[in-house]
Amino acid sequence: MAAATDQPKRLRAVIEAVLADRPRSGAPGDFTPEQICQIIALACETPPPPLTHWTRKDLVRETIQRGIAPTISATTIGRILKSGRPQAASDPLLAQSQDS
């Protein structure tokens, strides 16, 4: 590495190699972050009449119709919506007992 400090191009290559992401196992995601945001935003909209609320099947149909994704399953819609849900506190914060 001492030789790399004498040559700026070589030093830059060494730094880039150290900072670069390493290959990860597993398949890449099927949907981009933008698509996921659009699906969550769609689920937050008021559904068109005669619907009173969104079902997963309705969201699948609307996602494909709007061109957000060419294909998606109701299960995937459920996973996306569940992943965006805020997590509850593991310990109750408000109604704690004062008995000690």
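Visitor: What does isoleucine 72 touch in this predicted model?
Guide: Isoleucine 72 touches Phe31, Ile39, Val60, Thr63, Ile64, Ile77 and Ile80. That list leaves out residues up to four places away in sequence.

Visitor: What makes the largest nonpolar core a core?
Guide: Its members are buried nonpolar residues, joined through side-chain atoms within 4.5 Å. Nine residues belong to it: Ile39, Leu42, Trp54, Leu59, Val60, Ile68, Ile72, Ile77 and Ile80.

Visitor: Which elements give two or more residues to this core?
Guide: They are helix H2 (33-44), helix H3 (56-65) and helix H4 (74-83).

Visitor: Why are H3 and H4 called roughly perpendicular?
Guide: Their axes cross at roughly 100°. Angles from 65 to 115 degrees count as roughly perpendicular, so the label fits H3 and H4. The axes come within 9 Å.

Visitor: Which residues make the contact?
Guide: H3 brings Arg56, Leu59, Val60 and Thr63. H4 brings Ala74, Thr75, Ile77, Gly78 and Leu81. By class, five are nonpolar, three are polar and one is charged.

Visitor: Why does cysteine 37 count as exposed?
Guide: Its relative accessibility is 53%. Exposed means over 50%, so cysteine 37 qualifies.

Visitor: How do you know that cysteine 44 is exposed?
Guide: Use that cut-off of 50% again. Cysteine 44 has a relative accessible area of 67%, so it is exposed.

Visitor: How many disulfides does a search of the whole structure find?
Guide: Zero. A disulfide needs a pair of cysteine sulfur atoms within 2.5 Å. The search covers the whole structure and finds no such pair.

Conventions. Residues are numbered from 1 along each chain as its sequence is written. This is a predicted model: local features need pLDDT of at least 70, side-chain atom pairs count only at pLDDT 80 or more; totals for chains, interfaces and linings use all residues. Side-chain values use heavy atoms; hydrogens and water are left out. Buried means under 20% relative accessible area, exposed over 50%, partly exposed in between (1.4 Å probe, protein chains only). Helices (H or I, at least four residues) and strands (E, at least two) are DSSP runs, numbered from the N terminus. Contact means heavy atoms within 4.5 Å. Axes are lines fitted to C-alpha atoms, for helices over the stretch in contact, and angles run from 0 to 180 degrees between N-to-C directions. Angles under 35 degrees count as roughly parallel, over 145 as roughly antiparallel, 65 to 115 as roughly perpendicular and the rest as oblique. Ala, Val, Leu, Ile, Met, Phe, Trp, Tyr, Cys and Pro count as nonpolar, Asp, Glu, Lys and Arg as charged, and the others, Gly among them, as polar.
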